[in-house]
Amino acid sequence: MILFISIVYELNGIAIQWNNNQYATAYKILVSEDGSTYQEVLNITGNSHVNDVRDFTSNISARFVKFAGVAKNANYYGIREFEVYSPVNRSALKTELANTEMDEITLEALSVYQNVSATQKDIDTALQALK
């Protein structure tokens, strides 16, 4: 399976939600900027997670993300969702949270800060709500 992203993005991780027990026990994630030359960024063995979130060892620029199954737990791979993550800057939100009394808006911002799936837009919106 290859995920095509419309432009080159800086990426730092993936999340795969498997369909019940139809998960890969071993797989590789490869990335490419041009769709022909791929670089391996993850080589997973011994997986038993139905909700599998993995970080790359460093940020990498890519336009294509390839899932390459090596071994499976069932007769086939059942991928329900496949997500890629881009790094976000949480430092300003962290500082603002440290200087704010706990209320409903602060709790919502804290939830965004702790959410690994939060986008930069989510972070910026939470920061604006605190100010």
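The following questions and answers set values from this predicted model against the definitions behind each term.

The model is predicted, so local features need pLDDT of at least 70 and side-chain atom pairs count only at pLDDT 80 or more, while totals for chains, interfaces and linings use all residues. Residues are numbered from 1 along each chain as its sequence is written, and side-chain values use heavy atoms, with hydrogens and water left out.

Q: Why is Asp 52 called buried?
A: Buried means under 20% relative accessible area, exposed over 50%, and partly exposed in between (1.4 Å probe, protein chains only). Asp 52 has a relative accessible area of 1% and therefore counts as buried. Asp 52 is placed in strand β4, residues 51-72; strands (E, at least two residues) and helices (H or I, at least four) are DSSP runs numbered from the N terminus.

Q: What makes the pair Asp 52 and Arg 54 a salt bridge?
A: The term requires a side-chain nitrogen of Lys or Arg within 4 Å of a carboxyl oxygen of Asp or Glu. For Asp 52 and Arg 54 the closest N and O atoms are 2.6 Å apart, so the pair satisfies that definition. The structure holds two salt bridges.

Q: Why is the link between Glu 40 and Lys 28 also called a salt bridge, and which parts does the pair tie together?
A: The closest N and O atoms of Glu 40 and Lys 28 are 3.7 Å apart, so the pair meets the salt-bridge definition. Glu 40 lies in strand β3 (residues 39-44) and Lys 28 in strand β2 (residues 24-32), so the salt bridge ties together parts that are twelve residues apart in sequence.

Q: Why do Glu 40 and Lys 28 count as partly exposed?
A: Glu 40 has a relative accessible area of 39%, and Lys 28 has 28% relative accessibility. Both values therefore fall in the partly exposed range.

Q: What makes the contact between the side chains of Asp 52 and Tyr 27 a polar contact?
A: A polar contact is a pair of N or O atoms within 3.5 Å; within protein, one must be able to donate a hydrogen and the other to accept it, and residues adjacent in sequence count only if both atoms are side-chain atoms. The contact joining the side chains of Asp 52 and Tyr 27 is 2.5 Å, so its distance satisfies the cut-off.

Q: Why is Ala 98 called exposed?
A: Ala 98 has 63% relative accessibility, and therefore counts as exposed. Ala 98 is found in helix α1, residues 91-98.
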